[in-house]
Amino acid sequence: MVQMTVNTSISHSEARALVQRAISKAEDFAQRATYVLVDRKGVVITASRMDGALVLSYRISRAKAHNSAMYGMSNGDIYDFSVNGPPILIHEILAITREPVFHGAGSQVIRKDGRVIGAITTGMGVPPFVKVPGIDPEKLIWDGKATNAEDHVMAYTLQQPYIPQHGDDEKAWI
């Protein structure tokens, strides 16, 4: 039997590089946040709280990243599932999670070769605002469309297409 190995992990140096990328974009938006990156099992690989970020933001960010890694989807999708899914199933999933749950949107899974290898998120630092005081609104344009700061940072960090998790950014922009 031929055994194929697929690299489904993320190294510490790769994780640090992604967090640094997120921090750079947050600084560009004059925001302060805590970034947590976990592996596919929800174990923290790296975390970084920017100067001025709320202390509580670490716990929120860790919970959001853990949820995304475990479910294999963004917290925006997890929230939709928790609101629209079967209540008994949601209750059972939460009962076995063993980790704090925070269904706030903003986290993203990290994929390699189509497989979930981890998740990254921010907590209470880069808000899902479409307008940030003191920041040129043009900075929040992605492919000619309005974005919110939190989802923009995540898309930029992972170098993937922008996916809004906080409703209709275009409508909020107007």
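**Figure 1. The whole chain has the radius of gyration of a compact globule.** For 174 residues, a compact globule would come out near 16 Å, and this chain has 16 Å, so the two agree. Keep in mind that this is a predicted model. Along the principal axes, the C-alpha trace stretches over about 55 × 40 × 35 Å. How much of the chain counts as buried? The share is 45% of the 174 residues. As for the outside, the accessible surface adds up to about 9,500 Å², and carbon and sulfur atoms account for 55% of that.

**Figure 2. Six helices and six strands make up the elements of the chain.** Starting at the N terminus, you meet them as α-β-β-α-α-α-β-β-β-β-α-α. Now look at who touches whom: take the contacts between residues at least 6 apart in sequence, and 62% of them join residues at least 24 apart.

**Figure 3. The largest pocket has a volume of about 210 Å³.** It has 14 lining residues, and the ones closest to the pocket centre are Ser-74, Gln-108, Val-109, Gln-160 and Ile-163. Which elements give two or more residues to this lining? They are helix H3 (75–84) and strand E3 (108–112). Strand E3 gives the most, with 4 residues. Sorted by class, the lining has 6 nonpolar residues, 6 polar ones and 2 charged ones. As background, rolling a probe the size of a water molecule over the atoms shows where empty space is left.

**Figure 4. Ser-48 is a buried residue in a strand.** Its strand is E2, which covers residues 44–49. Is Ser-48 buried or exposed? Its relative accessible area is 16%, and buried means under 20%, so Ser-48 counts as buried. Which residues does Ser-48 touch, once those up to four places away in sequence are set aside? The list is Arg-16, Val-19, Ile-23, Ala-33, Thr-34 and Tyr-35.

**Figure 5. Ala-30 has a positive phi without being a glycine.** The angle is about 55°. Where does Ala-30 sit? Look in the loop between helix H1 (12–28) and strand E1 (34–39). Ala-30 has a relative accessibility of 48%, so it counts as partly exposed.

**Figure 6. Asp-143 is another residue other than glycine with a positive phi.** Here the value is near 50°. Asp-143 belongs to the loop that runs between strand E5 (141–142) and strand E6 (145–146). What about its cover? With 72% relative accessibility, Asp-143 counts as exposed, because the cut-off for that class is over 50%.

**Figure 7. Lys-145 is an exposed residue in strand E6.** Its relative accessible area is 54%. Which residues is Lys-145 in contact with, leaving aside neighbours within four places in sequence? They are Leu-140 and Glu-170. There is also Trp-173 to look for: Lys-145 and Trp-173 are 28 residues apart in sequence, and their C-alpha atoms are 9.8 Å apart in space.

How values were computed. Residues numbered from 1 in each chain as written. Predicted model: local features only at pLDDT ≥ 70, side-chain atom pairs only at ≥ 80, totals over all residues. Heavy atoms only, no water. Buried < 20%, exposed > 50% of the residue type's maximum accessible area, 1.4 Å probe, protein only. Contact = heavy atoms within 4.5 Å. 1 Å grid on protein atoms, 1.4 Å probe; cavity = no way out; pocket = protein on both sides within 12 Å on 5 of 7 lines; lining within 4 Å. Points joined across faces, edges and corners; volume = space filled by probe spheres on them. Nonpolar A, V, L, I, M, F, W, Y, C, P; charged D, E, K, R; others polar. Rg over C-alpha atoms; globule rule 2.2 N^0.38 Å. Areas by Shrake-Rupley, 256 points an atom, 1.4 Å probe, with all protein chains shown as cover.
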